[in-house]
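Me: I have a model open on my screen and would like to learn how to read it. Could you take me through it one feature at a time?

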Amino acid sequence: MPVTVLLVDDEPLVRAGLRAVLDAQPDIEVVGEAADGASVIPLVRQLRPDVVAMDVRMPLLDGIEATRAVLRTVDSPPKILVVTTFENDEYVYQALRAGADGFLLKRARPSEIVHAVRLVAEGETLLFPAAVRALAAEYGNRRARDVLERAALTEREEAVLRLMARGLTNVEIASELIVGTETVKSHVSAILAKLGARDRTQAVITAYESGFVSPS
């Protein structure tokens, strides 16, 4: 079955460009489009896409609030890939904190767009650029430090979390630590459970905000 995608952007040319790139792939299908975040929930319920590629800045309902609304009201919500013009946009970071699974720059090459959609659909987070990592560090807070302290991660789980924060996939983490992929998946599941994180992205945000990993 192909990965199904809903495109949400107020610029028709951006939607057309993304559709052209994604529909050219045999394993990806664009099933719908919307010009504003206010249209997302009914379309998600109707089309049941695997991934929503959503502009972070829109006039009626921005990507941050649309992300919150989808995750709050839709059963088995899709993965959300935030699309943005600037990598150091604080809106992007707020969208990730709200529950988005990754982000994509509008100027990304076609191969990067396809890779991002596939990666998010598989449930593995995207690498945050240095600018976004720096924003995460700036949001350092006691709550995140308390969460990490209470989690009492094992030494191996800490190593996996550091590699997750670098944006490595399960396969890449397995290669780095010289263990099996299934072992890495078990560690990732344990980390998410201990941190009370919905997904890898939220776990990585906690890692940065707590100071467990640094943006450099």
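Reply: Happily. This is a predicted model, so confidence is a good place to begin. Among the elements of the protein chain, strand 1 (residues 3-8) has the highest mean pLDDT, 97, and helix 6 (residues 130-138) has the lowest, 68. For the protein chain as a whole the average is 88, with 92% of the residues scoring at least 70.

Me: What should I do where pLDDT is low?

Reply: In such places the predicted coordinates should not be read in detail. Here, helix 6, with its mean of 68, calls for that caution.

Me: Now the sheet. In what order do its strands lie?

Reply: The order is 2-1-3-4-5, in an open sheet of five strands with parallel pairing. Strand 2 (28-34) and strand 5 (102-105) are at the edges and have a single partner strand each, so one side of each lacks a neighbour in the sheet. On average, neighbouring strands are turned by 25° against each other, direction ignored.

Me: How many bridges join strand 3 to strand 4?

Reply: Five, and strand 3 and strand 4 (residues 79-84) run parallel. Two places to look at are D55, opposite V83 in strand 4, and M54, opposite V82 in strand 4. Strand 3 also pairs with strand 1, in the parallel sense, over four bridges. There, V8 stands opposite M54 in strand 3.

Me: Through which helix does the chain cross from strand 3 to strand 4?

Reply: Through helix 3 (residues 63-73), and this β-α-β crossover is right-handed.

Me: Which helices should I look at against the sheet?

Reply: Try two of them. Helix 1 (residues 12-23) lies across strand 1 and strand 2, and runs at about 165° to strand 2. Helix 5 (residues 110-122) packs on the sheet and touches strand 1, strand 2, strand 3, strand 4 and strand 5. The direction of helix 5 makes about 150° with that of strand 4.

Me: Are the faces of strand 3 covered or exposed?

Reply: The general idea first: side chains in a regular strand alternate between the two faces of the sheet. In strand 3 (residues 51-55), five of the five residues are buried. V51, A53 and D55 are on one side, V52 and M54 on the other, and both faces are covered.

Me: Which residues touch the most other members of the largest nonpolar core?

Reply: In soluble globular proteins, nonpolar side chains tend to be buried together. In this model the largest nonpolar core has 54 residues, and V8, M54, L161, M164, I173 and L195 touch the most other members. Another core, of 20 residues, lies apart from it and includes V5, V30, V83 and A116.

Me: Which residues have a positive phi although they are not glycine?

Reply: Two to inspect are S76, with a phi of about 45°, and I178, with a phi of about 55°. S76 lies in the loop between helix 3 and strand 4, while I178 is in the loop between helix 9 (170-177) and helix 10 (181-195). S76 counts as exposed because its relative accessibility is 65%, and exposed means over 50%. I178, at 73%, counts as exposed too.

Me: And how does R97 count?

Reply: R97, which belongs to helix 4 (residues 90-98), counts as partly exposed because its relative accessibility is 33%. As a last exercise, find I64: R97 and I64 are 33 residues apart in sequence, yet 8.8 Å apart in space, C-alpha to C-alpha.

Key:
Residues numbered from 1 in each chain as written. Predicted model: local features only at pLDDT ≥ 70, side-chain atom pairs only at ≥ 80, totals over all residues. Heavy atoms only, no water. pLDDT = per-residue confidence, 0-100. Core = buried A, V, L, I, M, F, W, Y, C linked by side-chain atoms within 4.5 Å. Buried < 20%, exposed > 50% of the residue type's maximum accessible area, 1.4 Å probe, protein only. Pairing = 2+ DSSP bridges. Right-handed = clockwise from strand over helix to strand, strands pointing away. Axes fitted to C-alpha atoms, helices over the stretch in contact; angles between N-to-C directions. Contact = heavy atoms within 4.5 Å.
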